[in-house]
Amino acid sequence: MIVAPKRTEIHPKERRMILKHADDPNYDTSIDCYMRHGGYEVLKKALAMKPEEVQDHVMKAGIRGRGGAGFPAGMKWKFLDRKSGKPIYLICNADESEPGTFKDRQIMHKDPHQLVEGMMIAAWATNTAKAFIYIREEMPHGALILEQAIEEARAKGFVGDNIGGSGYSCDLIVHRGAAAYICGEETGLIESLEGKRAYPRIKPPYFPAALGLYMCPTIVNNVETLCHVKHAVDMGGDEYAKLGTPNNSGTRIWSLSGHVQRPGYYELENGKHTYGELIYDIGGGLKPGRSLLAVIPGGSSSKVWRAGDRFKGKNRDGSEYDWGIEDVPLNFDGPAAAGSMSGSGAVIVVDDSVDIVDVLANINAFYAHESCGQCTPCREGSLWMKKITSRMAAGQARVEDVDLLASIGDQIAGRTICAHGEACAWPTQSFVAKFRDKFIERAQRQAASGTGETRLI
Amino acid sequence: MAFEPSQPLREYTEKLIPRYPQKRSAIMMILHFIQREQGFISLEAQEWVAAQLDLQPIQVREVVTFYPFYREHPVGKKFIRVCRTLSCALNGGYKVCDKFLAEFDAKLGHTSPDGRVTVEFAECLASCGTAPVAMIDDDLYENLTEDKVKELCDRIKAEVPAETPAPAADTHHH
């Protein structure tokens, strides 16, 4: 049985905070090991503070959500509707499923108590009545590891009744999904946790902070985000905020995959490094004899960059930037300034051994499979984009497909209840815009196999 | 034939339901338990679940049919899911899948003629750094090559006796 192998070679540029112990061969998932490493001391520290003080630390720390949107966690907590008098729920989004992302897997499989401690601190800070970890079905061992960690923490009084003797009680439940990507969308997740199909809810009015689980105020935070809460409270918000760069505090775990020599998860100080360093230095660069075709900077739904792209614009301080892909800062704001997003921190590198049409066909097959089917533009549009790109990949591309694809993408984004509309439209819109010549060339060539022997669809 | 819940299922359900603020929330975990015991979730089992949670059977079935993991038909003794998504595909995921299928003379999404395995594609198993990957039941196998797949298949053939499969059923919902 292979659960999650340790990676003992840690790159010198890494700044490990969340994964500090995870890959230590002598570190295990038991509470004894965790407590030998100072575990649950921060929870005790938090319980000695007022909930508002804990919230202040998180706010000052400037923790931005690591799941995809990069929304400040402290702000999310502040939005909670406390006047309703209804119970407050906390949900950890452990549905890690954006293609390219595999960071939360490392935390849950190798250091589960860190997540449990982070969650109980968050629960105390927000006066949560009950907390849930919604973990994707494809991590059955992860679910068991977490359940065991929770039982151990309960036995020591860190979860459940009268936590740490504070008088505050909060249960923590592990809930398993069943292989639907849309459950990573927070309102879809909430519907799923209520025992229904994961049809996302429309916002407004269904902002989870007001009308979430069981129509009660609810926080949904990502696994990595909740671990950062622990460190922000431990260090103090102001100290934590010094890590990383302004508006991009702390560290971040990047998932690097695709055509690189050393794919893997790398925890780096936010904004202190570039995509070039991650891909070429840390990731070992491309395979011998290959050249770069494209980089998908933040999960497969983020807008693609074509090799050779330049990004120009003005910084907030008025100075100008002129970046190649390799110069884009690895943080939340850098990829956004380069027309894309950092999303879940999943960087997928594509070399010239494959054809770009096949790459898009692969991505489109994913989003068509994962549309929940609720909104017509997404349900129909994602399927049509898949059908067209699959046909193109099979050697029956037409020159007019380029404009047809663009027009379908344009009719989805912004016209759906949840962001799956954008998630399925952005790849098509950006691939077609950036690689128009390659799509037309493929149509003229009418080739079935792209440029190489690797099948992508 | 009416569904007869096992003693462990009864005990699990009794303990589980009160943990949730609302009964209906327990549905997915109960379905997981049943599928683990039975290999799939029959209509009769769905009716039983509905009765436990004060729901109509259709409210259970709409959940079973929405989530790709739940099945209404039996599958092979080993359930193999090969990741199809981009990072795995870029590193040969389709070849890995073809190798599994060839080893068991199986068709994608169907149970092999010897009843040993059902091979399906999965969408992103969240282990893109060790692509290509596949799951066999609960276990993840990483950095797969055709040789490694052959080894895994040989092990399955040695451990799992062949038998005539149940009528082939397409396990895909979508």
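## Hairpin, sheet, helices and voids in a predicted model

In the hairpin made by strand 11 and strand 12 of chain A, five residues sit between the strands, and Gly318(A) among the residues of this hairpin takes a positive phi near 95°. This is a predicted model, so keep that in mind for everything below. The two strands, 310-314 and 320-324, run antiparallel and are joined by five bridges. Across that pairing, Gly313(A) stands opposite Tyr321(A) of strand 12 of chain A.

Chain A also has an open sheet of five strands, in the order 8-7-13-9-10, with mixed pairing. Strand 8 (264-269) and strand 10 (305-306) of chain A are its edges, each pairing on one side only. Further in, strand 9 (residues 292-296) and strand 13 (residues 346-351) of chain A pair in the antiparallel sense over four bridges. One bridge there matches Ala294(A) with Val350(A) in strand 13 of chain A. As a reminder, strands of a sheet pair through backbone hydrogen bonds, either parallel or antiparallel.

Now for two helices, one from each chain.

| Helix | Residues | Span, first to last C-alpha | Expected span |
|---|---|---|---|
| Helix 6, chain A | 112-126 (15 residues) | 21 Å | 21 Å |
| Helix 2, chain B | 27-38 (twelve residues) | 16 Å | 16 Å |

How many of the 15 residues of helix 6 of chain A are buried? The count is 15 of the 15, so helix 6 of chain A is largely enclosed by the rest of the structure. Just after helix 6 of chain A comes Asn127(A), with a positive phi of about 55°. In helix 2 of chain B, the buried residues include Ile27(B), Met28(B), Met29(B), Ile30(B) and Leu31(B), along with His32(B), Ile34(B) and Gln35(B). Helix 2 of chain B is followed by Gly39(B), whose phi is also positive, near 90°.

On to the cysteines: there are zero disulfides over all chains. Cys92(A) is in no disulfide, and the nearest cysteine sulfur, that of Cys227(A), is 7.8 Å away. Cys92(A) is buried, with a relative accessible area of 0%. Why is there no bond for Cys170(A)? The closest cysteine sulfur, in Cys92(A), is 13 Å from that of Cys170(A), which is too far for a bond. Cys170(A) is buried as well, at a relative accessible area of 2%.

If you're after space to fill, the largest pocket has a volume of about 1,300 Å³. It is lined by 48 residues, and the closest to its centre are Gly67(A), Gly68(A), Ala69(A), Gly184(A) and Glu185(A). Several elements of chain A each supply at least two lining residues: helix 4 (73-78), helix 9 (208-211), strand 4 (218-222) and helix 17 (420-434). Strand 4 of chain A gives the most to that lining, with five residues. By class, the pocket lining has 18 nonpolar, 19 polar and eleven charged residues.

There are enclosed voids too: a search of the whole structure finds three cavities of 30 Å³ or more. The largest cavity holds about 70 Å³ of space. Which residues lie nearest the centre of the largest cavity? Of its 13 lining residues, those are Cys372(A), Cys375(A), Cys378(A), Cys418(A) and His420(A). The lining of the largest cavity divides into seven nonpolar, six polar and no charged residues.

Definitions and conventions
Residues numbered from 1 in each chain as written. Chains lettered and ligands numbered in written order. Predicted model: local features only at pLDDT ≥ 70, side-chain atom pairs only at ≥ 80, totals over all residues. Heavy atoms only, no water. 1 Å grid on protein atoms, 1.4 Å probe; cavity = no way out; pocket = protein on both sides within 12 Å on 5 of 7 lines; lining within 4 Å. Points joined across faces, edges and corners; volume = space filled by probe spheres on them. Nonpolar A, V, L, I, M, F, W, Y, C, P; charged D, E, K, R; others polar. Pairing = 2+ DSSP bridges. Expected span 1.5 Å × (residues − 1). Buried < 20%, exposed > 50% of the residue type's maximum accessible area, 1.4 Å probe, protein only. Disulfide = S-S within 2.5 Å.
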